[in-house]
Amino acid sequence: MKPVAAMSLIAVTACPVLAQQDEALASKVAKLEAQLKELQSNKSLNLEFGGRVQLDFNHFSGAYSADNKGDAASDFFPRRIRTYVESEQGDWEHKLLLDFAEGDAEIVTVRVRYTGWNNGPRFQFGKLREDITLNALTSSKHINTIERSSIADTFSPYFRWGASAYQYFKDSGFRYALGVYKNDAFGASGRDQDDRLALAYSGRLTWSQHTPGKTLHLGGWGSYRDMGGATLGNRLARGEVREAKVRLVDYAAGGDVVALDSMSQAGLELAYQHNAFMLEAEYATRNLDTLDPTSALDGGDISGYHLSLSYFLTGEHKQYSAGSAVFKQPKGVKNAWELVARISSMDAENANQGTQVDAYTLGGTYYHSSSLKFMANLVYANVSGAGSPALVGDEDSGFGFAARLQYLF
């Protein structure tokens, strides 16, 4: 589909929903479409356009709506409405990704990348996705569950302003990524108490061996983050249902939030694919360095894992990008069915406060084509820990159902 035609389709699909929330936003989308059409006509710019529409439905009860006595609640909403423009000029690549789903336009990514060293490292700067956890790095258009695992939501800062370098060694299968970023995530502002810039340093090392349909991926990552005395946000993850009224992973439930001098994170990754079957597993941990060394949470840790199994009933297999060390949906997929099951756990209990959440997800995806797919997930979560009564009362378990229509253009 041509970019301008796709932009017209996304405007027709998305604007009626958005107009109910903000009529001015619908006008912005229309203006953007006109601007993209004008840019496309300039062949010298070498521009490429694309994007995605994700419309979601959530239904949940129990612990997910504990603030409403566990009564069932539901919502229909635009989860992501994104459009991007990319260009390539010699050894330089550029990308801008915008999101319109939260009631206003937001810059998700703005990236400038230098690729002039043939098989050497690639350097990039701008608002980048930090190389942290395989599940978080997998694009939302390629994940096989509607929501990412609690590990991804707890440990990944997703997109931050900074600079990074990465390199893939084809002969050995190793890839490394190193980056430095402004740390304005997890409650931090990017400044310390003396108004100096507070930074985060992240690195990821992976090894892979792959042939079409068969892939073994091993990886590890680490991150040190200067929190500058900021208070760590208490609600770490939603429990894998987006619109739930209560975020189930809460380290301060039944206690207090805490100001941090710094925190360190680390994780391990494993993925194995054999034709239509795929296994993915991760473990991650976070250590807290509180501003007050006498705090009961000083040296506390937050850790979790997830394990997922997926299978294509119609025999397809996912693509593996060795240069980025991530998986993508099958190339040219059409009229295909994928089933997935996931177990995840996040333990945020320390010093007689906080919760532990175990979540179980069953899901299915129908790929009408590589551009259009339909997803459905059932989620059951169990909440425990010293802070559980303060957070959810007697509602120590919850059920969720999520559905998604996704269109790529």
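pLDDT is the predictor's confidence in each residue, on a scale from 0 to 100.

**View 1. The predicted model as a whole, with its N-terminal segment.** In this predicted model, the average pLDDT of the protein is 91, and 89% of the residues score at least 70. Over residues 1–21, however, pLDDT stays under 50, and for this segment the model has 38 contacts beyond four places in sequence. Where pLDDT is low, the predicted coordinates should not be read in detail. The secondary structure comprises five helices and 20 strands, and buried residues account for 52% of the 409 residues. Of the contacts between residues at least 6 apart in sequence, 63% join residues at least 24 apart.

**View 2. The nonpolar surface patch that includes Trp337.** Tyr272, Phe277, Leu309, Tyr311, Leu313, Trp337 and Leu339 together make a nonpolar surface patch of about 680 Å². Two or more of these residues come from strand E14 (301–312), and two or more likewise from strand E17 (336–347). Trp337 lies in strand E17 and, because its relative accessibility is 44%, counts as partly exposed.

**View 3. The salt bridge between Asp56 and Arg404.** Side chains of opposite charge can pair when their charged atoms come close. The closest N and O atoms of Asp56 and Arg404 are 2.8 Å apart. Asp56 belongs to strand E1 (residues 47–62) and Arg404 to strand E20 (residues 397–408), so that this pair ties together parts that are 348 residues apart in sequence. Asp56 is buried, with a relative accessible area of 0%, and Arg404, at 3% relative accessibility, also counts as buried.

**View 4. The salt bridge between Asp131 and Arg175.** The side chains of these two residues meet at 3.5 Å, N to O. Asp131 sits in the loop between strand E5 (122–129) and helix H3 (134–137), while Arg175 sits in strand E7 (residues 174–182), so the pair ties together parts that are 44 residues apart in sequence. Asp131 counts as buried at 14% relative accessibility, as does Arg175 at 3%.

**View 5. The salt bridge between Glu338 and Lys318, followed by a network of salt bridges.** Glu338 and Lys318 meet through their side chains at 3.2 Å, N to O. The pair links distant parts of the chain, with Glu338 in strand E17 and Lys318 in the loop between E14 and strand E15 (319–321), 20 residues apart. Glu338 is buried at 1% relative accessibility, and Lys318 is buried with a relative accessible area of 6%. Elsewhere, salt bridges that share partners join Asp131, Arg175, Arg204 and Glu269 into one network; a search of the whole structure finds 16 salt bridges.

Technical notes. Residues are numbered from 1 along each chain as its sequence is written. This is a predicted model: local features need pLDDT of at least 70, side-chain atom pairs count only at pLDDT 80 or more; totals for chains, interfaces and linings use all residues. Side-chain values use heavy atoms; hydrogens and water are left out. Helices (H or I, at least four residues) and strands (E, at least two) are DSSP runs, numbered from the N terminus. Buried means under 20% relative accessible area, exposed over 50%, partly exposed in between (1.4 Å probe, protein chains only). Contact means heavy atoms within 4.5 Å. Patches are made of residues with over 30% relative accessible area and no salt bridge: like charges are joined within 9 Å, nonpolar side chains (Val, Leu, Ile, Met, Phe, Trp, Tyr) within 5 Å. Accessible areas come from the Shrake-Rupley method with a 1.4 Å probe; for residues, only the protein chains shown count as cover. A salt bridge is a side-chain nitrogen of Lys or Arg within 4 Å of a carboxyl oxygen of Asp or Glu.
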